[in-house]
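Open the model in your viewer and keep the residue selector at hand. The stops below are taken one after another.

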Amino acid sequence: DNSRRMACYDVQASQCKRGSGIPVVAFSESSGWTAPPVLPLDLEKVINVATDADDIPAADIPEKGDTTAAVGRAGDELTEDLHQHKSVMSVSDMVKAFGRKPVGGLGAGIDFDSQEDPTAEAFSPEERAALAAMEALLPPDILASTDEETRLICLRGRKYDSERAALLLPHFIQVRQELFGSSGRAGGGDGAGAASAEKEVVAMRRQLARDVGSLKLVPLGKLPSGHTLLAMRLRLHDPKTSSPVDMARLFYITVMARLRADVDAQRHGVCILGDMTGIGLKNTDARMPKLILGSLLPRLPVRVATIVVFNVPWILGKVVMPIFLSLMSKKLRKRITIVSSKDPHRLHALFPPSALPDYYAGSFPFDGPEYVQRMQALEI
C-alpha cells in the first residue's frame, strides 16, 4: 500500500525472546498516524523492514512475564557510579559498561504515569488527609528534616498513595545527598578538610553552571494533559567535560525546579524528548543512561508519561539503540517512541506545537539566556 510508509530498526535475534515483535506506527498521507498490527519477527536472522526512515516506530521488544522492582533497588546498586566516570566510549565499551541486565531491566524502578487523573485536587481536604496519612508513616528524623512542600511533592508524585510516598521520601533525600552532599558541607570541619570541601563545592557549582548554560536539558511547554515537556539535546553534551554524575545533577535541578514551580507538573509528571540530531559517539557515555534511568529517576518524586527519541542517526539506531533497548525493563520500552525523521513537524503528532519552540516548528516562547539566568540564581 503506497499510502503507508513504515520504518523499523534492524533487531538481532540475540536481543529478543522467541515470539516477540516490534509494534510499528505507520504514517498515512491521508489519515495521519495509525497503529498497524504487530509485525512478527523471524528470530533466526536479522530483520530488515523496508525503510523510508521518516516514520515513528514504537521501541518495544516484549518479554515474557512481568518485571517489577522496589523503588531505590537499582539506586542502591549504582551508588558507586556517582563517583566514577569515563570519557568517550566505543560501542564495545558501552556493552561492557552495562554488563549483565539490571534486576527487572533498566528503568524498572521509574514511576510511570498512567495518565489517569489524580485521585485528589491540589490543596483540597482529600489532599490534606493523604498528607497526614503519609506523615504518620515517616520516621521522626525524616519528618523533621523535610518541609511540607517537599512532602507534598512526593505525595503528588505518587498519585496520593501515602504509603508509596512515605517510602519514596527517604530515597529522595538520599539521592540529593549523594549528588550534592549534606547541608552545610562547605562550612563543615576545620583547617585543610574545610578548605578541600569548599573547593569541591565551588567546582561542582561551576560545572553545574556550565551544564545549565549549554541548554542540553531544558523544560519546554506544558501539555494539555498537565505534563511538562523536557527536551534533551545530546549533541550539546561532551562526556570529556561533563561526567555522568554532572548530568545527574543537571537532571535533578531541572526536574526539581520545574516541580517546585508548577503544581500540575507535580501531579502529572513529565514527558521527555530526546533529540538525537547531530549526535555522534563522541557525545555518548553508556554510564549516563544507566545512572539516570537506573538510579536517579526511580528516586525522584516525578512520574514519566513517555520518552520520545527524535532523529536517531544511523549508527546509533542500528547498533547502540538495540543494546539499550535490550537492557531496559518491559515497562520502560513501552513508554519509548522513536521518531526516525529529521522533520520536526513529525513531533506534532505527539506534542502540540504550543509546547515546542521554533526549532521544532512550534510556538513555545523559549528564551535561552533568560532561562539560564533564572536557573543559575536558584539555591541548590
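In E11, which residue is the bridge partner of Val-308? Select Thr-337, for that is the partner. Note before going on that this is a predicted model.

**Stop 1: strands E10 and E11**

Widen the selection to residues 304-310, which form strand E10. Strand E11 covers 336-339. The two strands pair in the parallel sense, with four bridges between them.

**Stop 2: the whole sheet**

Now show strands E7, E8, E9, E10 and E11 together. They make up an open sheet of five strands, in the order E7-E8-E9-E10-E11, and the pairing is mixed. E7 (217-222) and E11 stand at the edges; each has a single partner strand, so one side of each is left without a neighbour in the sheet. Look along the sheet to see the twist, which averages 20 degrees from one strand to the next.

**Stop 3: strands E7 and E8**

Go to the E7 edge and add residues 228-233, strand E8. Here the pairing is antiparallel, over four bridges. Pick Val-218 and look across to E8, where Ala-231 stands opposite. Between the strands of this hairpin are five residues, and Gly-226 takes a positive phi near 100 degrees. Is E7 mostly covered or mostly uncovered? E7 is mostly covered, as five of its six residues are buried.

**Stop 4: Arg-333**

Select residues 330-334, helix H12, and pick out Arg-333 within this helix. Is Arg-333 buried or exposed? The relative accessible area of Arg-333 is 1%, so this residue counts as buried, the cut-off being under 20%. To relate Arg-333 to Thr-306, draw a distance between their C-alpha atoms: the value is 9.7 Å, for residues 27 apart along the chain.

**Stop 5: Arg-151**

Move to residues 148-157, helix H5, which holds Arg-151. Arg-151 has a relative accessible area of 9%, and is therefore buried. Which side chain does a polar contact of 2.9 Å join to that of Arg-151? Select Glu-135: its side chain is the other end of this contact. To see the rest of the surroundings, add Leu-131, Met-134, Leu-138, Leu-143, Thr-146 and Leu-169; Arg-151 touches these as well as Glu-135, leaving aside residues up to four places away in sequence.

How values were computed
Residues are numbered from 1 along each chain as its sequence is written. This is a predicted model: local features need pLDDT of at least 70, side-chain atom pairs count only at pLDDT 80 or more; totals for chains, interfaces and linings use all residues. Side-chain values use heavy atoms; hydrogens and water are left out. Two strands pair if DSSP finds at least two bridges between them. Axes are lines fitted to C-alpha atoms, for helices over the stretch in contact, and angles run from 0 to 180 degrees between N-to-C directions. Buried means under 20% relative accessible area, exposed over 50%, partly exposed in between (1.4 Å probe, protein chains only). A polar contact is a pair of N or O atoms within 3.5 Å; within protein, one must be able to donate a hydrogen and the other to accept it, and residues adjacent in sequence count only if both atoms are side-chain atoms. Contact means heavy atoms within 4.5 Å.
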